[in-house]
Each structure stands twice: as C-alpha cells, then as structure tokens.
Amino acid sequence: MLEVDNLRVQLDADAGLVRAIDGMHLSLSRGETFALVGESGCGKSMTALALMRLLPENGRVASGAVRLDGEDLLALPERRMRDVRGGRVSMIFQEPSTSLNPVMRVGDQIVEAIEAHTELRGKAARAKALDWLARVGIPEPQRRIDDYPFRLSGGQKQRVMIAIALAAEPDYLIADEPTTALDVTIQAQILDLIRDLQRERRLGVLLITHDLAVVSGMAHRVALMYAGQIIEVAPAAEFFAHPKHPYARLLLQALPDAARRGEPLAAIAGTVPPLWLDFAGCRFWPRCDKAMGHCASTLPELTDEGPQHQVRCLLYSQPGDALPRQAVVPKLLPPVPAGQGAPLLDVRDLRVRFALKAPLLHRGPRHFDAVDGISFQLHAGRTLALVGESGCGKTTSGKAIVQLLRRQAQISGQALFEGQDLFQLTGAALVEARRSVQIIFQDPFASLNPRMRVAEVLEEGLIALRPDLDAGARRDRLHALVDQVGLRRDALQRWPHEFSGGQRQRIAIARALAVEPRLIVCDEPTSALDVSVQAQILNLLRELQREQGLAFLFITHNIGVVEYIADDIAVMRAGRIVEQGNCQTVLRQPRDSFTQNLLAAVPRLTVPMR
Ligand code: SF4
C-alpha cells in the first residue's frame, strides 16, 4: 500500500511561505484507481511531485510521511529512491512532448528504463521494449522503435510515455492529467489501455485530473482537493450520487451538458485563495453558498459522514444558522428562434491551402489543404459549433473567416457576411468587416499583450476600428465594457498578469465586444479554464448573445459545452465537414460513422447528480 500521512509541503515564493499541501492523508492499494481532483492551484500536481520526491528547488516537505509498504520514502537515501522511482512507482505527465527526450530514439528511452530497473540488458532489453510498444498499441512497433519523438502523434507519444513508465513493471502509477492534451478518441484509447494494464498487473493508479467525467469512468475512490487540503473523500459512485461538500455540489452543477440547456450554469463566485494566507476558518467560506457565521473563524476537520465517506465542512460537524447571502437570481433567457431569413454568415466551399517548405528535390506534394471545401450557414443570434479532432481544420477555418490568414495561406471559396464576400473586401469595407467579425482565443494570457494595461488593450481596437469616437466617448465605452463582462472599473488600470485565467478571458471577451461585432469566432474559449470559471464564461457568452443578438462560431472539442451552448453543429474531419445539422439531432442520432465514434469516445458522468 502507498500511504500519505499528514503531509505538509511548503514553497518559498516572493509573496511569502506558500503552504501548497496542508495536512494530507491518503492511501492507495494495488489494483485500485484513486482519483485526486480539483481546480488549478489546489495542490494535486504538487502531491504527485512530493510522493516522487521531485519537488521544485524552492519546495520542501515540512512534515509528514509517504510510506510504500510501510517504508518511509521521505527518509530513503536518494540512491535507493532512484530505484523506487520508475521501479516501484512510475509517473506519467500531462504533456508527452516535453517529457520525452527529443534527441533520443523512443526505443532507446524505453530500453533505458528497462535497464535501470530490471536485470535485462542489450538485445533482451530491446526485445522487451518492442513488446511494450506493441502492448501500448503503437502500430508497426518494429519500425517505430527507431523513430525520434517528433515523428509520432500526440497520442503515440503518450503511449510511449506509458510504455516507459510501465517498462520496469511498477506496482503503482501516478498519472498526472494523462489525457488532457489529447483528443477524445485518443483519450478513450489511453484510458482503456491504463484500465487493461491495471487489471493485468494489479497496478495501483493515482489519477490526477480536473476532468470529473474521466474520473467517473475510471476511479474506485475520489478525493476532492481545495486550497491545499482534501475536503471530501468517498467511493466514486457515492461521490457523484451524493456529494456532501458545498464545493463538490457546485462543481458538479457547473458542468455544462444537454440537460442544462437554457438554464444558467452554477458559477462559483471568486477564486481559490492564495496559499500564503494564514487561514482562521474554512478556506471555502468566501465562495460558499451554505456558509454559516462561525465558518470564517473555525477550522473544519475531515469527519466521517458515511462508509468510507469523509467531509471537511462544519455543516456536518458543527451545524448553525446560514449566513444571509445575496441570492444569485438566474437570468431566464428567451429561447433562440431557429435561423430564419438570410444567414448572417454563409460560407461556401471554403478552402485553405498552405505551402509546404519541401527540400529542392522533394517529389511529394508542395502544399497542404488544411480546409478542403467546407460550406455552412450561421444566422444572427445563433451558435454553430465546429467540432472535430486536433488538426481537422476547425481553427484554420475560423482564422480564415476572421481574415487572419490572408498573408499565410491561399484561400478560395466565399465567406458571405450579410451578402458581402469577406475574402474580396479591401480598404474601408475591409475595416468595417473586421469590426463586425471578431475572435476570442483559447489562451487568454498569450492573446493579451503583457506590456499593455487593460485600458490600452481595449482601446487599441477602438482606435483602429472606431475612428469616429473621441477620447471621452472611448472612455465611456471602456467603462461600459468592463461593467458588461463583470470586471471592476479599476481593472482598466491594471496589467494582464494581475488577473486570473477567467478574468483574463473576460478581458479578451471585452476586447472582442469593444467594436460592437455581430459575429464572434470563439476558438476553444474555455478549454484552458477550470470548470467553475468555464461556467462563468459560458453564462456570460449566453447573456451577451441574447442581449445583443450576437452569432457565435464556437470551435471546441468539448461535447458537453456543445450540448449546452450550440444550436447547430458541424463535425469536421481532415479538412471537410462530414456531418452538420441541428445540434440535438446530430448528437442524439449521428449518421456518419466518424461522428458516432467521436461521440462514443466522450467520457460521461455515469452517476450524474441532478
Ligand atoms: Fe461552507 Fe462553512 Fe462548510 Fe466551509 S465549513 S464549506 S463555509 S458550510
């Protein structure tokens, strides 16, 4: 058994001493999958690094123990710990591209792990590596074993990572967001593989993820973390059917899906508190909808509230009167009428071709058709979801429509916006079209200039696309914009890095809204965000759409988000649309086999709370 006993991990940071893990207990048996879930910054990954003794330089274990079959790993000399790492306990990380050595053949990387932890050497080790490549489902392993990582797809790289992690046949596997960077179909294959290997080898798996649907399909037990502490532990079925902690309940209600269409998602106000604070009471109380008077001044302990079910909440151990909290009145929004009349955007036979940089004597193709003749229509006030696996051309289509690829690619076909072909516009007409069609990107940090204050970020587009506004009118517009997206007005004088991910995405939305667009291309706008923040952003987008009649071209791979927000859907594969139509009809009765496979691979909450 792998046991963690009252573990405390501290980090030195500019702001002070950060208590990243504050008194954690957990146990993992052979053959069991134990999921550690929670939002970013709650301490999940730090737990994994502490177990493997791989903490960053500014971090240390302040107290507690990590025992493997009774032996304290924290007290082992580093030489023996190296045998444990990879030999008895292995780890796979979220991003296989950065975890594999780019200048070493994949086979050699597996052989290295085998030779470090088993008796096998030379040919025998290579034969074993070949065997592992085949077991993790790499096609043509004899040929692939001598490939460098850059020749493999993301899913294949993650399979190689799993082969390396399991090559020494460990007893326990720590999988830190093992499928977050992968498409749903590859994710399903990787999760099946982990399940099979677990059954075969009685592997104990510590699964670290923020994806509750993945947890519901994989885990035997679940621990929910918040601000460095475990706040609820339960068998998975019990956790999803009867969550007890107010945070757990809110998180499950914040998940978008078809059943919540038309109603606002439960958004959890505020953010996780910084961990350099000295907490006098419950860490969740500023955000809790069930908070009581004594929650701010009493530290809740983890108490037994059912068989194997523990909760850190005073509602159960010291109940009292609920604090009056301002009720969140859900905004009831009228349903969107089906698209009538002329479409706002009518895309006809759109093709986007990129030139390939091929060597002089190269005989293969010299171009790549990222989008290969797609057509669709989008009406004002409606949302069309463009879905498909990475590399299928959905983002390229969005960028082409927003005129971001005019210089990089050869574009043909038409994108008629209110009857005018966007690709043929020049001069003042092009400026006007740029104003009407805006884009919001996936990564709100990368898309905001870090050297510009928020006011400058928002004003930049106004100056370029609304030259009719004077300084006073622009200032009024900025105030209206931050009000609209739910930020305080003092945000205008602050820098992007001072905001959380969700706040930065609000700034990006305000920037898009600044020039009063009619259509917004939303390119994975919530995929970098935690569930509760995603709920806030989806609620905001829905409200803005109903109030202003905006049309959204919503590019995403998250089917839950599609079910919740989209009216229509177009499924893309290899640059083409394979199926499109009303969202609910396509999702319930997909006709194309690719759509069927895509939907079958989507992990679902098997015991949803309603
Ligand atoms: Fe909410 Fe109080 Fe429970 Fe904390 S202890 S989760 S504030 S009810």
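Nine nonpolar residues, one polar and one charged make up the shell around the ligand. The model is predicted. The charged member is K290, because Lys counts as charged. The polar member is H245, because His falls outside the nonpolar and charged sets. Four cysteines line up on the nonpolar side: C282, C288, C295 and C313 surround the ligand, and Cys counts as nonpolar. P246, W285, A291, L314 and L315 also belong to the shell. The ligand itself sits in the largest cavity.

Now to the strands. β9 covers residues 221–226 and is mostly covered, with six of its six residues buried. Both of its faces are covered. R221, A223 and M225 point to one side. V222, L224 and Y226 lie on the other. Buried here means under 20% relative accessible area.

β9 pairs with β3 and with β10, as the table sets out.

| Partner of β9 | Residues | Bridges | Direction | Residue opposite A223 |
|---|---|---|---|---|
| β3 | 33–37 | four | parallel | L36 |
| β10 | 229–235 | six | antiparallel | V233 |

A223 links the two pairings. L36 in β3 stands opposite A223, and V233 in β10 stands opposite A223 too. A223 is also buried, on the face that holds R221 and M225.

Which residue in the hairpin of β9 and β10 takes a positive phi? A227 does, with a value near 50°. The hairpin has two residues between the strands.

Notes: Residues are numbered from 1 along each chain as its sequence is written. This is a predicted model: local features need pLDDT of at least 70, side-chain atom pairs count only at pLDDT 80 or more; totals for chains, interfaces and linings use all residues. Side-chain values use heavy atoms; hydrogens and water are left out. A residue is near a molecule or strand if one of its heavy atoms lies within 4 Å of it. On a 1 Å grid over the protein atoms alone, a cavity is a set of points where a 1.4 Å probe fits but cannot get out, and a pocket is an open set with protein on both sides within 12 Å along at least five of seven lines; lining residues have an atom within 4 Å of a point. A molecule sits in a cavity or pocket if more than half of its atoms lie within 2 Å of its grid points. Buried means under 20% relative accessible area, exposed over 50%, partly exposed in between (1.4 Å probe, protein chains only). Two strands pair if DSSP finds at least two bridges between them.
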